[in-house]
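User: I should like to understand how the labels given to parts of a structure are justified. Please explain the reasoning step by step.

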Amino acid sequence: SISKVFGPKTKPSGEEVSEMYALVQCNGGRMIASKNIQYMNERIRNKDRWVGALKTFPADKFLLIDGPADPVSGRHLGEAIEEVLGFNVIFLNDDIGHWPQLEAPKETMDVFFQFHKKLGTF
């Protein structure tokens, strides 16, 4: 279930999971879920092209706010992005998973606004 990608201390309540599921079903969304999961295959097939494109992006203009406890794209992905691309990665506390904006909204927004103030874009 979706709870598996949340941090160990930030799992959603049953009501929150029901609300997320309702959003997925809205406007026939459930009918396209199988198309969305194709991303897993696409990222393998397109890795060289996508990484190549990212390498052309100015590293100082990119920020990944990462939940280290995320089993899908957590600390391991953030570290790879730092190493391969040189991008800015902010790791939130170790209890945050795949959805930092839901699991630690204040901390996520603080980091976001601090980054944009540094860039002069906010």
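User: What makes the approach of the glycine 7 backbone nitrogen to the side chain of threonine 10 a polar contact?

Analyst: In this predicted model, the backbone nitrogen of glycine 7 lies 3.2 Å from a polar atom of the threonine 10 side chain. The cut-off for a polar contact is 3.5 Å between N or O atoms, one able to donate a hydrogen and the other to accept it. The value of 3.2 Å is therefore within the limit, and the pair counts.

User: Which other side chain makes a polar contact with the side chain of threonine 10?

Analyst: That partner is the side chain of glutamate 103, at 2.3 Å. Glutamate 103 also appears among the residues in contact with threonine 10 once neighbours within four places in sequence are left aside, together with Asp95 and Ile96.

User: Why is threonine 10 called buried?

Analyst: Its relative accessibility is 19%, and buried means under 20%. Threonine 10 therefore counts as buried. Its place is in the segment before helix H1, which covers residues 14–25.

User: How do you know whether threonine 108 is buried or exposed?

Analyst: The relative accessible area of threonine 108 is 9%. Since the limit for buried is under 20%, threonine 108 is buried. This residue is in helix H7, residues 105–119. Apart from neighbours within four places in sequence, threonine 108 is in contact with Ile65, Leu92, Pro100 and Gln101.

User: What makes the pair of threonine 108 and proline 100 a polar contact?

Analyst: A polar atom of the threonine 108 side chain lies 3.0 Å from the backbone oxygen of proline 100. Set against the cut-off of 3.5 Å, the value of 3.0 Å is within the limit, so the pair counts as a polar contact.

User: Why is the pair of aspartate 95 and lysine 9 called a salt bridge?

Analyst: The N to O distance between the two side chains is 3.7 Å. A salt bridge requires a side-chain nitrogen of Lys or Arg within 4 Å of a carboxyl oxygen of Asp or Glu, so this pair qualifies. The pair links distant parts of the chain, 86 residues apart: aspartate 95 is in the loop between strand S2 (88–91) and helix H6 (100–103), and lysine 9 is in the segment before H1.

User: Why do aspartate 95 and lysine 9 carry the labels "partly exposed" and "exposed"?

Analyst: Exposed means over 50%, and partly exposed lies between that limit and 20%. Aspartate 95, at 24% relative accessibility, is therefore partly exposed. Lysine 9 has a relative accessible area of 67%, so this residue is exposed.

User: How do you know that aspartate 110 and lysine 106 form a salt bridge, and how are they placed in helix H7?

Analyst: Their closest N and O atoms are 2.8 Å apart, which is within the 4 Å cut-off. Because the two residues are 4 residues apart in helix H7, about one helical turn separates them. Aspartate 110 is partly exposed at 41%, whereas lysine 106 is exposed at 60%.

User: What makes aspartate 60 and lysine 61 a salt bridge?

Analyst: The closest N and O atoms of aspartate 60 and lysine 61 are 3.8 Å apart. The limit is 4 Å, so the pair counts as a salt bridge. Aspartate 60, at 45% relative accessibility, is partly exposed, and lysine 61, at 48%, is partly exposed as well.

User: How many salt bridges does this rule give?

Analyst: The count comes to 4 salt bridges.

Key. Residues numbered from 1 in each chain as written. Predicted model: local features only at pLDDT ≥ 70, side-chain atom pairs only at ≥ 80, totals over all residues. Heavy atoms only, no water. Buried < 20%, exposed > 50% of the residue type's maximum accessible area, 1.4 Å probe, protein only. Contact = heavy atoms within 4.5 Å.
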